[in-house]
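Here are some worked exercises to try with the model open beside you. Have a go at each task before reading its solution.

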Amino acid sequence: MGPHVHAAPGILWFPTTLVLALFLTELVYLRGWLRLRSPSVRAIPAWRVISFSIGLFLIWIAVGSPLAALDEQMLTVHMIQHLLLMTFAAPLILLGLPVAPFLQGLPHQFAQAVACPVFRWPRVQSLGRMLVRPAFSWLAATAVLVGWHIPAIFTLALQSGTWHLFEQATFLVAGLLFWWPVVQPWPNVRAEPRWSILLYLFLATLPCDILSAFLVFSERVAYPVYLSVSRQSDLSVLTDQQCAGALMWTCITIVYLVPAAILSMRLLAPRDSRADLTQSEFLRIMTPHIDSKRVQVL
């Protein structure tokens, strides 16, 4: 059995570190959310807090739970990890509108001396605008998805704890980038949904469909590394591969259909000017953390 993120020497500490990191992230978010609950603003509703918390929990399930230890034995489990990080955890985290609570939840001196100056830096803002453009987000997500499923790269990640962690991190980051144009969390300009996002979601299904179809209908094992490991499942390697492809195909189709349906209904419904937290309200409540005259949105 090849080395794995949970078994490789020197990386046994990772699940504990992950739990601590996720707990600290949740703590900062909740602190900021509570401070944003002011009579002068429309606070971020509780359902968004729940969404953010579930997103963090799914990260733990994918990377730090006992389930993660089985991905070196079954491609289906490996696929579940990728789906949890890229398709489920990422949009749930963005639905929590994390930027505002994080800036408010950080210690005042750190936010004033480090976070806000970085946030206001023109190069950072330009980079942010470029990263969340639909074209770049689509390309980044597609490159990560296709790249890590190339057999040689897949084997490298499966046999190296360090590369495995990097793989999981890139899936989460690519997921956040992909879902940003769809969710449009602050500091995006709160524009009305565009029909182009529906095309964006449709085009995103194409590389997933091609990859999943290859895994389902292929008559050979795509990743021979699974032939050389001990397995606790009665499924053959080829059947396991077909299950992984079918799982990906089904999940992507359903998950992408949900935001497409919601966006379609919003486009067809009368315009609603209400928002959870407007840009001007956020800048006002963040004072003195942020100089509202100098902050620009992405």
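**Exercise 1. The chain as a whole**

Task: Find what share of the contacts between residues at least 6 apart in sequence joins residues at least 24 apart, then describe the fold's elements and burial.

Solution: Begin with the contacts. In the protein chain, 77% of the contacts between residues at least 6 apart in sequence join residues at least 24 apart. Keep in mind that this is a predicted model. Next, go through the secondary structure: the protein chain has 12 helices and zero strands. Its pattern along the sequence therefore reads α-α-α-α-α-α-α-α-α-α-α-α, with helices as DSSP runs. Finally, turn to burial: 50% of the 298 residues of the protein chain count as buried.

**Exercise 2. The span of α2**

Task: Compare the expected span of α2 with the distance between its end C-alpha atoms.

Solution: Take the 18 residues of α2 at 1.5 Å a residue. The expected span multiplies 1.5 Å by one less than the number of residues, which gives 26 Å for α2. The end C-alpha atoms of α2 are 26 Å apart, so the two values agree. While you are looking at this helix, note its buried residues: Arg48, Val49, Ser51, Phe52, Gly55, Leu56, Leu58, Ile59, Ala62 and Val63.

**Exercise 3. How α2 meets α3**

Task: Work out whether α2 and α3 are roughly parallel or antiparallel, and list what makes their contact.

Solution: Start with the geometry. Helix α2 (residues 46-63) packs against helix α3 (residues 75-95) at an angle of about 160 degrees, and their axes are 7 Å apart. Angles over 145 degrees count as roughly antiparallel, and α2 and α3 are therefore roughly antiparallel to each other. The crossing of α2 past α3 is left-handed. On the α2 side, the contact is made by Trp47, Arg48, Ser51, Phe52, Ile54, Gly55, Leu56, Leu58, Ile59, Ile61, Ala62 and Val63. On the α3 side, Gln81, Leu84, Leu85, Phe88, Ala89, Leu92, Ile93 and Leu95 take part. By class, the contact of α2 with α3 has 16 nonpolar residues, three polar and one charged.

**Exercise 4. How α9 meets α11**

Task: Repeat the analysis for α9 and α11, and sort the contact residues by class.

Solution: α9 and helix α11 (residues 237-268) pack at an angle of about 20 degrees, with their axes 11 Å apart. The cut-off for roughly parallel is an angle under 35 degrees, and α9 and α11 are therefore roughly parallel to each other. Their crossing is left-handed. Phe178, Trp179 and Val182 of α9 make the contact with Val255, Tyr256, Pro259 and Leu263 of α11. Seven nonpolar residues form the contact of α9 with α11, with no polar and no charged ones.

**Exercise 5. Two positive phi values**

Task: Locate leucine 97 and glutamine 184, and decide whether each is buried or exposed.

Solution: Recall that most residues other than glycine have a negative phi. Leucine 97 has a phi near 45 degrees and lies in the loop between α3 and α4 (99-105). Its relative accessible area is 6%, so leucine 97 is buried. Glutamine 184 has a phi of about 55 degrees and sits in the loop between α9 (161-183) and α10 (195-217). At 13% relative accessibility, glutamine 184 counts as buried.

**Exercise 6. Around proline 134**

Task: Describe the surroundings of proline 134.

Solution: Proline 134 is in helix α7 (residues 134-148). Its relative accessibility is 30%, so proline 134 counts as partly exposed. Leaving out residues up to four places away in sequence, proline 134 touches Pro181, Arg194 and Tyr200. Proline 134 and tryptophan 180 are 46 residues apart in sequence, with 8.4 Å between their C-alpha atoms.

Key:
Residues numbered from 1 in each chain as written. Predicted model: local features only at pLDDT ≥ 70, side-chain atom pairs only at ≥ 80, totals over all residues. Heavy atoms only, no water. Axes fitted to C-alpha atoms, helices over the stretch in contact; angles between N-to-C directions. Helix = DSSP H or I, 4+ residues; strand = E, 2+ residues; numbered from the N terminus. Parallel < 35°, antiparallel > 145°, perpendicular 65-115°, else oblique. Left-handed = near helix turned anticlockwise from the far one by under 90°. Contact = heavy atoms within 4.5 Å. Nonpolar A, V, L, I, M, F, W, Y, C, P; charged D, E, K, R; others polar. Buried < 20%, exposed > 50% of the residue type's maximum accessible area, 1.4 Å probe, protein only.
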